[in-house]
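Here are my notes, point by point. Please read them with the structure open beside you.

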Amino acid sequence: MSILDELDKYLDQVQYLEDKLLLEEAVKASKSGALRAAYIMIWLACVESLKRRFKEMAKYDNTAGEIIGQIKEKEDKHHSVDKLILDEAHDYGFLSELEYGQLNNIYKMRCIYGHPYEEKPCEEEIVSAACLVTEYVLSKPTKLGRGFCDRLLNTLLNDSECLDDYANSVKEYARLVMPRIDDKIYSWFLEKYWTELEKIASDITFKKIFKRGIWFSQECLKIIGTDIYDSSQWHAKVSTFPESFIHIFSDHLLYSKIGELAQDSLIGHMLDRSKNEPGILRIIEQLLQQGVLTERQKERFIEHVKIIDINNLYASRIKLIFCYERVISELKSHDWYRQNPAIDFISLKGPIEIGELPLEQQTTLGRNILQSAEGNARSAINMIDQLLNAANQWPVDFIKGLFEECFINEKNQIRFKEKHLTKILDILDNYDSKSRAIMLEELIESINHGTFKGSNYWEELDIDQVITKLSKYDWTSKLCQIIESKKQLLKEADSQL
């Protein structure tokens with residue numbers, strides 16, 4: 001068996017048909033004894049494959065297009081382009097230093113063997129050349145190397161107009177380019193990108209570039225997978241790239257795959273950063289809603305919300321359902337400086353987020369808004385005016401809380417808060433009769449079973465004023481009756497003293 005029979009196995013390793021045709025010619029030449037021609041054909045298979053790869057990359061990279069232009073210019077002048085192609089393949093990143101060195105040796109010998117007065121190659125040289133050319137070039141799919149990635153990073157980081165300022169556009173570009181990058185340099189590429197993103201994370205002038213980096217990185221990790229690092233490596237990298245990772249792993253699919261240690265560290269960084277950037281709390285909130293937080297991570301978030309500055313809470317714009325207890329605590333403070341921001345926060349949330357609360361919490365929230373308005377909290381008074389102008393858009397149980405608070409407290413003790421009663425009645429007047437009837441029925445039931453708060457606390461004049469205000473509405477007759485009956489009981493009790 002001849003050593004040249006080994007050449008057949010290299011044919012099976014060739015990626016592209018165009019490359020295989022030239023190598024087949026080399027195999028035929030070698031087996032017919034034309035070793036000089038075989039060696040030259042092996043080299044031609046190598047250099048033509050590299051040239052074709054530049055043409056393919058020119059669709060995605062202007063630098064590759066420029067190299068093709070140089071090659072064509074030399075070819076038009078009938079100059080040799082082999083060394084140019086080899087050198088550019090090395091500079092571009094198709095070839096490593098080792099690969100370039102060994103292929104350059106083959107090129108030098110090709111130049112020698114190309115002259116008939118020189119010695120011809122031996123069979124071992126033919127096999128060796130075929131082996132190296134196949135391993136380094138012909139068996140590899142066309143992949144972009146470090147040279148391209150350096151140019152790509154330079155574009156992504158310095159050319160603000162290279163891509164549309166739109167997430168889908170950036171992600172589509174990532175889907176286009178990432179499969180063409182050599183998977184051996186994925187980690188190197190991403191870490192180099194993240195290092196630069198960390199430097200500009202807090203610079204508002206680079207906001208567009210940073211945001212692009214987040215979108216690009218997210219799509220890259222979805223394409224190549226988060227298993228490029230194990231959980232301990234992700235944990236270490238959170239500390240290295242905290243600013244970038246806070247936003248990259250706002251994507252719940254990515255967050256769920258980096259391991260609990262990395263997640264815990266990331267949540268810690270988010271909570272710390274939220275002191276100066278309250279909007280970061282929304283990232284944790286969204287991760288919570290997506291169900292990817294551990295129980296401990298949820299606890300840390302809720303505990304943080306309980307102690308965060310109220311103005312930061314307002315600025316965070318997290319959902320009301322996640323900070324309900326904190327908001328109620330602020331409303332009960334009897335301090336305008338705490339009540340007003342909390343009420344502004346509630347007003348900002350509007351009827352939709354209030355409607356997401358459990359019904360009992362909606363009612364309690366309404367009660368506390370009314371209590372704050374009675375205490376002259378400016379924002380509470382403004383919110384009641386807002387409700388008055390918004391017809392029947394707000395949840396019934398929330399309005400019920402406002403309404404009940406005018407007549408009876410949460411201990412079922414009857415007392416009247418009439419400062420804003422007319423406005424509350426006007427608000428109810430905008431609701432449909434069915435919703436209003438439900439609110440009335442529940443209030444009447446509570447008053448019927450309630451007792452006055454202190455036998456001497458309420459004077460007849462106060463009750464009469466409340467009844468007078470109620471009497472202006474045709475739907476309040478039953479409520480007036482029950483209050484009248486309670487008034488008579490109060491008078492009888494006073495007469496017995």
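1. Start with a charged pair. K275 forms a salt bridge with D272, and their closest N and O atoms are 3.6 Å apart. K275 is exposed, at 51% relative accessibility. D272 is partly exposed, at 38%. Bear in mind that this is a predicted model.

2. D272 has another partner. Its side chain also meets that of R273 in a salt bridge, at 3.3 Å from N to O. So look at D272 with both R273 and K275 in view.

3. Next, a pair that links distant parts of the chain. K306 and E325 meet through their side chains in a salt bridge, 3.9 Å from N to O. K306 belongs to helix α17 and E325 to helix α19, and the two residues are 19 apart in sequence. K306 is partly exposed, with 38% relative accessibility. E325 is exposed, with a relative accessible area of 55%.

4. How many salt bridges does a search of the whole structure find? The count is 39. Some residues are joined in a network: D19, R52, R53, E56 and R180 are linked by salt bridges. Display those five side chains together.

5. Helix α17 also deserves a look for its packing. It spans residues 295-307 and packs with helix α15, residues 260-273. The angle between them is about 5°, and the axes are 11 Å apart. Angles under 35 degrees count as roughly parallel, and α15 and α17 are therefore roughly parallel to each other. From α15, the contact uses E260, Q263, D264, I267, G268 and L271. From α17, it uses Q297, R300, F301 and H304. By class, that contact holds three nonpolar, four polar and three charged residues.

6. Now the cysteines. How many disulfides does the count give? It comes to zero. Take C131: its closest cysteine sulfur is in C46, 13 Å away, which is too far for a bond. A disulfide would need the two sulfur atoms within 2.5 Å. C131 is partly exposed, with a relative accessible area of 26%. C323, in turn, is buried, at 2% relative accessibility.

7. Check two histidines for backbone geometry. Most residues other than glycine have a negative phi. H78 has a positive value, near 65°. H334 has a positive phi too, of about 60°. H78 sits in the loop between α4 (62-76) and α5 (82-92). H334 is in the loop between α19 (324-331) and α20 (336-355). Are these histidines buried or exposed? H78 is exposed, at 74% relative accessibility. H334 is exposed, also at 74%.

8. E418 is an acidic residue to inspect. It lies in the loop between β1 (413-414) and α24 (421-429). Its relative accessible area is 18%. Buried means under 20%, so E418 counts as buried. What does E418 touch, leaving aside neighbours within four places in sequence? Its contacts are E374, D462, Q465, V466 and K469.

9. K453 is in another loop, between β2 (451-452) and α26 (460-470). K453 is partly exposed, with a relative accessible area of 40%. For a sense of distance, take K453 and R110. They are 343 residues apart in sequence and 107 Å apart in space, C-alpha to C-alpha.

10. One more distance. N154 lies in helix α8, residues 146-158. It is partly exposed, at 48% relative accessibility. N154 and M439 are 285 residues apart in sequence. In space, their C-alpha atoms are 64 Å apart.

11. To recap for the bench: α15 and α17 are roughly parallel. The disulfide count is zero. The search finds 39 salt bridges, including the one between K306 and E325. H78 and H334 each have a positive phi. E418 is buried. Every value here comes from a predicted model.

Technical notes:
Residues are numbered from 1 along each chain as its sequence is written. This is a predicted model: local features need pLDDT of at least 70, side-chain atom pairs count only at pLDDT 80 or more; totals for chains, interfaces and linings use all residues. Side-chain values use heavy atoms; hydrogens and water are left out. Axes are lines fitted to C-alpha atoms, for helices over the stretch in contact, and angles run from 0 to 180 degrees between N-to-C directions. Helices (H or I, at least four residues) and strands (E, at least two) are DSSP runs, numbered from the N terminus. Angles under 35 degrees count as roughly parallel, over 145 as roughly antiparallel, 65 to 115 as roughly perpendicular and the rest as oblique. Contact means heavy atoms within 4.5 Å. Ala, Val, Leu, Ile, Met, Phe, Trp, Tyr, Cys and Pro count as nonpolar, Asp, Glu, Lys and Arg as charged, and the others, Gly among them, as polar. Buried means under 20% relative accessible area, exposed over 50%, partly exposed in between (1.4 Å probe, protein chains only). A salt bridge is a side-chain nitrogen of Lys or Arg within 4 Å of a carboxyl oxygen of Asp or Glu.
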